[in-house]
Amino acid sequence: QKDAALAAIAAAETLDALEEQRVAALGKKGWVSLALKTLGQISPDERQQAAPAIQAIRAEVSDALAAKKDALESAALDAQLSGETLDLTLPAPQAPRGTVHPVSQVMDELAEIFADLGFAVATGPEIEDDWHNFTALNMDESHPARAMHDTFYFPDRDAEGHQMLLRTHTSPVQIRTKKEVAKANPGGAPIRIIAPGRVYRSDSDATHTPMFHQIEGLVIDRDIHLGHLKWTLETFLKAFFEREDIVLRLRPSYFPFTEPSVEVDVGFEVVKGKRVLGGSGDAPGHGWMELLGSGVVNRRVIEFAGLDPDQWQGFAFGVGVDRLAMLKYGMDDLRAFFDGDVRWLQHYGFSP
Ligand code: PHE
């Protein structure tokens, strides 16, 4: 029986056929297994006699099975390798080309416009502490404006015991920049920065996403007043929307970190169902839309940052970058910005 089995193993041409042989010999009901079972039924003396021979047969059969299995596997691999030759002369498949996301595009456009006006780009962390995000901006723990920010809080506090959070606006970069400047130069110095970046609020619908983008502007210099703010915003918006007829309306408002505070509306008209910026919002068929928040930097905030408010004044503004992109390029659902749908990106994206 052993010789017949060894011959059958040698003759097996496939791994399946080999497996059949293994089951026939070593499987539960295989002849080797059955022979081993009979050992239990005979006397110890007889067992001592018979066992070594059966064990030897089992070893021989299983060695033969393993050797044949190796041989069949390497033959299969050889066959596969020789069938899979690469033709290096074939043209490579076209890699799909990405596009520049409208948010990145708009941030670049803004950085360029403000660079022409003498503004540098500043950045700050997205994981902030409540001191930079609120307290130093004149919103202490009990300030009701804190509650308006729908803040994502972390359970942790930092080493100084400040509550950590996802920044709700880019205004903490104002504080960080002023502090840095005050530290580098105790007398303070003129500052002209923009701070673009991601901000987070727990809010979600067609015009709000939990993460969105803002760009903060900050100027600190001597004798700064609202006129400088208005001129800067007008110049930037005309350059950004590439229209000379952009008209702004400044409305008194309230932010704890600016005094006075102004909300800035921009005039638009409706063209083919879409709002197009340009012209006075008071003209027939026109309207005003709220675009950004701004104001003259509150004395207390200048003080908080370590500068002397009697010497230095400034203005600041914050505007939604996604909003600017939607208005300039005519998208109407903010959520699409962050869906990552390639078709949307191919339609609205910019070539690199
Ligand atoms: N940080 C304010 C907001 O997110 C906007 C703002 C910035 C207002 C700077 C005034 C000055 O609503």
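1. In which sense do strand 3 and strand 4 pair, and over how many bridges? The sense is antiparallel, and there are two bridges. Strand 4 covers residues 163-166. Its residue Q163 is the bridge partner of R157. The two strands form a hairpin, with five residues between them. In that turn, G161 has a positive phi of about 85°. This is a predicted model, and every point below should be read that way.

2. A second hairpin joins strand 8 and strand 9. These strands also pair in the antiparallel sense, here over four bridges. E269 has V276, in strand 9, as its bridge partner. Two residues lie between the strands. K272 in this hairpin takes a positive phi near 50°.

3. Strand 8 deserves a second look for its backbone. The strand runs over residues 258-271 and includes P260. The peptide bond between E259 and P260 is cis, with omega about 0°. As background, most peptide bonds are trans.

4. Two aspartates also call for a backbone check. Most residues other than glycine have a negative phi. D150 has a positive phi, near 45°. D223 has a positive phi as well, near 55°. D150 is found in the loop between helix 7 (144-147) and strand 3 (153-157). D223 lies in the loop between strand 6 (211-221) and helix 9 (226-241).

5. Are these aspartates buried or exposed? D150 counts as partly exposed because its relative accessibility is 34%, and the cut-off for exposed is over 50%. D223 has a relative accessible area of 60%, so it counts as exposed.

6. Now look at H149. Its place is in the loop between helix 7 and strand 3, the loop that also holds D150. H149 is buried, because its relative accessible area is 11% and buried means under 20%. Its side chain makes a polar contact of 2.7 Å with the side chain of T168. Leaving out residues up to four places away in sequence, H149 touches F134, T168, H169 and R201.

7. Why is helix 11 described as largely enclosed by the rest of the structure? Seven of its nine residues are buried, so the description follows. The helix covers residues 321-329. The buried ones are V321, D322, L324, A325, M326, L327 and K328. Charged residues are worth checking by eye here: D322 and K328 are on that list.

8. What do the buried residues of helix 11 pack against? Their partners include two helices, helix 5 (102-116) and helix 9. The strands involved are strand 6, strand 9 (274-277), strand 10 (286-297) and strand 11 (313-320). Just after the helix, G330 takes a positive phi of about 75°.

9. The largest nonpolar core has 40 residues. F236, F317 and L324 touch the most other members. Helix 5, strand 6, helix 9, strand 8, strand 10, strand 11 and helix 11 each supply at least two residues of this core. In soluble globular proteins, nonpolar side chains tend to be buried together.

10. F236 is a good residue to start from in the viewer. Setting aside neighbours within four places in sequence, F236 is in contact with L110, I113, F114, L292, F317, V319 and L324. Apart from this core lies another, of 25 residues. Among its members are V181, I220, V301 and A316.

Key. Residues are numbered from 1 along each chain as its sequence is written. This is a predicted model: local features need pLDDT of at least 70, side-chain atom pairs count only at pLDDT 80 or more; totals for chains, interfaces and linings use all residues. Side-chain values use heavy atoms; hydrogens and water are left out. Buried means under 20% relative accessible area, exposed over 50%, partly exposed in between (1.4 Å probe, protein chains only). Contact means heavy atoms within 4.5 Å. A polar contact is a pair of N or O atoms within 3.5 Å; within protein, one must be able to donate a hydrogen and the other to accept it, and residues adjacent in sequence count only if both atoms are side-chain atoms. A nonpolar core is a set of buried Ala, Val, Leu, Ile, Met, Phe, Trp, Tyr and Cys residues joined through side-chain atoms within 4.5 Å. Two strands pair if DSSP finds at least two bridges between them.
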